[in-house]
Amino acid sequence: MNKFKTSDYNTIKSALVNRNLKQALYDKGKVIMDGVLLTLHGDEHRKRRKLEHKIFQRNFFKYYEHELFPKTLNETIQPFLKKGTADLLDFGYRITMNLTADFAGIDRQKKSPKETEDLLSLVKIFSQGATLVHSKRPHDEVNKEVLVALDKFERKFLLPSKVRREKLIERFKNNEIAKSELPRDVLTILLLNEDEINLSEDLIKREIAFYLQAGSHSTANSMTHALHEIFIWGENNPDEFERIKNDTLFLQRCVHESMRLHPASPVAWRKSECPVVLDNNIQLNKDDLIIMDLHKANQDKEIFGDDSDIFNPHRIIPKNQFLWGLTFGIGLHMCFGRDLDGGVVSNENTDPNNHQYGIVTLLVKKILDEKGLPDSKNKPKVDINTERPNWGSYPIIFGERL
Ligand code: HEM
């Protein structure tokens, strides 16, 4: 097997849409990732994606953002506001835990902070297992923890959620309730399995665990990176900081700009199923590996300009590109949560009162509205357990002046 590396934006784009290149980043994380959507290929991937995509529709995201999310956000932030401090990662994980559990279909029966904490501690272990390729911890140790966590997750969260849904599905099949009365989530879709695809109990467990970690990990990190960029930029540009706080469309641009600089997964890996020519230098044979540096590609000067390595929400980009670059992937495995987290890109006709901003922008806005600022006595720390450039802790204080 030969290994190739590229950070060329257009080469990566052509690789991500190429049907002969198969997902390879999660081969080490099989304990949790085996057979889940992100690792599937070909027909199997197409069928599962079609089935699950029913949940991830733009009109539902807008409804979720406007009607359901504000209540969860207020409930989750209250204990932090009372204390006057928060760790952004902790807050981010708690809020996104509820968000992804809603989409995955995991009930929190007590809806208590303790229950969210329990689920969260399991999901953090799933995250470590999924991104094992970048883990600095002994892999055996992480895998053992994942197995224990999966078992606990099944007993405490998955089984009760399944039983409730199975009863409702039964009633729907007996014409006692309408389809619209079924929960709108991935677990219900999988149990209903209208496309009759092959799904074992264990696979459903891994699929739901994958959803929980895929959504929460990336959203919490994205929010923290965006706030960090905004704090630093605001310190040097006080007028712009005022604008960010008052103009949510501009804030959304800042979030997209930060997403460009900090892709949740800094690389994408694919293996070739047959000989594939990507460009003059990259000619893959069967089973060759291509490692794509999304972090570098998102700083391509041709597309994002000469200052592509710095945070500049005013940057102008070509019409056919997104400000977040390749952060949500493109092509076959493009992220289901893109419009949910990133929202819709605004234009000159956008009505700011009826716009879909995306969950990350709403989270950042809430922290800024509550006058959250970095705790000058408690510096943020990078996450030392992974090669991924993420924050491990980011303390803030509410109600402080910059
Ligand atoms: C800022 C937040 C997020 C980022 C940056 C992000 C990024 C990504 C990327 C880069 C991929 C493609 C990976 C590849 O091509 O190898 C992906 C796939 C995926 N994402 Fe996200 N994601 C985010 C949030 C979410 C959320 C909130 C959900 C669900 C609630 C979600 C669900 C998924 C799913 C299901 C896939 C797999 C799609 C497939 O394989 O067909 N993501 N995400």
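Where does the ligand sit? In this model, which I should say at the outset is a predicted one, the ligand sits in the largest cavity, and I would like to begin with the residues that surround it there before turning to one of the helices.

The shell around the ligand has 25 residues, of which His45, Arg49, Arg270, His333 and Cys335 come nearest. Sorted by character, the residues of that shell divide into twelve nonpolar, ten polar and three charged. As for where they come from, helix H3, residues 42-53, and helix H9, residues 201-236, each supply at least two of them, and H9 gives the most, with six residues.

Let me now go through some polar side chains and the oxygen atoms of the ligand. A polar side-chain atom of His45 lies 2.8 Å from an oxygen atom of the ligand, and for Arg270 the distance from a side-chain N or O atom to a ligand oxygen is 2.8 Å. In the case of Gln23, an N or O atom of the side chain is 2.9 Å from an oxygen atom of the ligand.

The other feature I want to show you is helix H7, which runs over residues 139-173. A straight helix of 35 residues would span 51 Å, at 1.5 Å a residue, whereas H7 spans only 45 Å between its end C-alpha atoms. If you look along H7 in the structure, you will find that it bends by about 45 degrees at Glu154. Finally, just after H7, Asn175 takes a positive phi of about 60 degrees.

Technical notes: Residues are numbered from 1 along each chain as its sequence is written. This is a predicted model: local features need pLDDT of at least 70, side-chain atom pairs count only at pLDDT 80 or more; totals for chains, interfaces and linings use all residues. Side-chain values use heavy atoms; hydrogens and water are left out. Helices (H or I, at least four residues) and strands (E, at least two) are DSSP runs, numbered from the N terminus. The expected span of a helix is 1.5 Å times one less than its number of residues. The bend at a residue is the angle between axes fitted to the seven residues ending there and the seven starting there. A residue is near a molecule or strand if one of its heavy atoms lies within 4 Å of it. A polar contact is a pair of N or O atoms within 3.5 Å; within protein, one must be able to donate a hydrogen and the other to accept it, and residues adjacent in sequence count only if both atoms are side-chain atoms. On a 1 Å grid over the protein atoms alone, a cavity is a set of points where a 1.4 Å probe fits but cannot get out, and a pocket is an open set with protein on both sides within 12 Å along at least five of seven lines; lining residues have an atom within 4 Å of a point. A molecule sits in a cavity or pocket if more than half of its atoms lie within 2 Å of its grid points. Ala, Val, Leu, Ile, Met, Phe, Trp, Tyr, Cys and Pro count as nonpolar, Asp, Glu, Lys and Arg as charged, and the others, Gly among them, as polar.
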